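User: I would like to go through this model step by step, from its overall make-up to single residues. Please reason each answer out before giving the value or name.

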Amino acid sequence: MSTGTVTVTETRAQPMTADAILRLFPDIDTSSEALSGHDEEQIRLMDEVCIVLDDNDMPVGKASKKLCHLMSNIDKGLLHRAFSVFLFNDKNELLLQQRASEKITFPDMWTNTCCSHPLAVSGETGSNLPDAIEGVKRAAQRKLEHELGIKKEQVPIEKFHFLTRIHYKAPSDGKWGEHEIDYILFIKTHVDLNINPNEVQATQYVGADNLKKLFEDPSLKFTPWFKLICNSMLFEWWESLDSGLEKYTNEQQIRRM
């Protein structure tokens, strides 16, 4: 699919027509000028096809990663599905990554273990919550390997815990940004890292107290979704990682931020 394509799909719950998608997202910006001068591999990844949603997390179509992340389209209401993985070691330390300088959105910023998108491909979609959760878990396995070199065998589907969904919007700069319904996934497991330098420039494991200290360091920049999650529920969830986490899992409502 080219970066200038928006495709309408149909779901049983909410069939969509071409006219309907145009009413939802009029005057979509499909120009390629925004990618000029960026890293070639990151430009290639902008062709990946994201799942376009309505405000209730119902798929209404699909569009390229580029179209979904242009602020000109976000400001017109374009919304897509995403996930955020929080991976902990046996010491209950959280694995952080610093995004590569080559990244088009939010370069050089520190964030949780892995943040990406399920794609509009077989196995990663879903128009009801159970199917969507399975889809984002498979997408998480794919991206953990792509970004951090973590083999799927070390992050089996059954070890992921789905907590909740967060709907937020955040600009990266004047041109790019995020507008996502973000599925929060926790996993505690041992992993071996072989980081992809085009995606990640550094990693570190941190305890909860250490992370709070890092937030106080003015020289460090963090992604907006990570700060939102940390400022809301992360530390409470973290305390329950080994006992009581089940009371926070499988939340049905979408948290609006």
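User: How many helices and how many strands does the protein have?

Analyst: The model is a predicted one, and what follows should be read with that in mind. Of its 257 residues, 54% count as buried, and residues 24 or more positions apart account for 72% of the contacts with a separation of 6 or more. As for the secondary structure elements, the protein has 7 helices and 11 strands.

User: What share of the exposed area do carbon and sulfur atoms supply?

Analyst: The protein exposes about 11500 Å². Of this area, the part that carbon and sulfur atoms supply is 46%.

User: How far apart are the end C-alpha atoms of helix α5, and what span should its residues give?

Analyst: Helix α5 covers residues 129-148, which makes 20 residues. At 1.5 Å a residue these should span 28 Å, and this agrees with the distance between the end C-alpha atoms, which is 27 Å.

User: Which residue has a side-chain oxygen that reaches a backbone nitrogen at the start of α5, and which residue takes a positive phi just after the helix?

Analyst: At the start of α5, the backbone nitrogen concerned is that of D131, and a side-chain oxygen of N128 comes to within 3.0 Å of it. Just after the helix, a positive phi of about 70 degrees is taken by G149. The two residues asked for are therefore N128 at the start and, just after α5, G149.

User: Where is the kink in α7 centred, and is that residue among the buried ones of the helix or not?

Analyst: Helix α7 has 16 residues, 224-239, and its reach of 22 Å from first to last C-alpha is close to the 22 Å expected. There is nevertheless a kink of about 65 degrees in α7. The buried residues of the helix include W225, F226, I229, L234 and W238, and the residue at the centre of the kink is also among them. That residue is M233.

User: Why does C230 count as buried?

Analyst: C230 belongs to the buried residues of α7. The cut-off for this class is under 20% relative accessible area. C230 falls in it because its relative accessible area is 5%.

User: How many disulfides does the structure hold, and how far from C68 is the nearest cysteine sulfur?

Analyst: The structure holds 0 disulfides. C68 is accordingly in none, although C68 counts as buried at 0% relative accessibility. A disulfide would need sulfur atoms within 2.5 Å, whereas the nearest cysteine sulfur to C68, that of C50, is at 4.6 Å.

User: With which side chain does the side chain of Q97 make a polar contact?

Analyst: Q97 lies in strand β5, residues 94-99, and counts as buried at 3% relative accessibility. Beyond residues up to four places away in sequence, Q97 touches several others, including W110, N112, C114, E199 and T203. The polar contact, at 2.8 Å, is with the side chain of E147.

User: Which residues are in contact with N196, leaving aside its neighbours within four places in sequence?

Analyst: N196 lies in the loop between β9 and β10. Its C-alpha atom is separated by 6.9 Å from that of G149, 47 residues apart along the chain. The residues in contact with N196 are H146 and E147.

User: What is the phi of N250, and is N250 buried or partly exposed?

Analyst: Most residues other than glycine have a negative phi. N250, in the loop between α7 and β11, has instead a positive value, near 55 degrees. With 45% relative accessibility, N250 is partly exposed.

Technical notes:
Residues numbered from 1 in each chain as written. Predicted model: local features only at pLDDT ≥ 70, side-chain atom pairs only at ≥ 80, totals over all residues. Heavy atoms only, no water. Helix = DSSP H or I, 4+ residues; strand = E, 2+ residues; numbered from the N terminus. Expected span 1.5 Å × (residues − 1). Bend = angle between axes of the 7 residues up to and from the residue. Buried < 20%, exposed > 50% of the residue type's maximum accessible area, 1.4 Å probe, protein only. Contact = heavy atoms within 4.5 Å. Areas by Shrake-Rupley, 256 points an atom, 1.4 Å probe, with all protein chains shown as cover. Polar contact = N/O pair within 3.5 Å; in protein donor to acceptor, adjacent residues only side chain to side chain.
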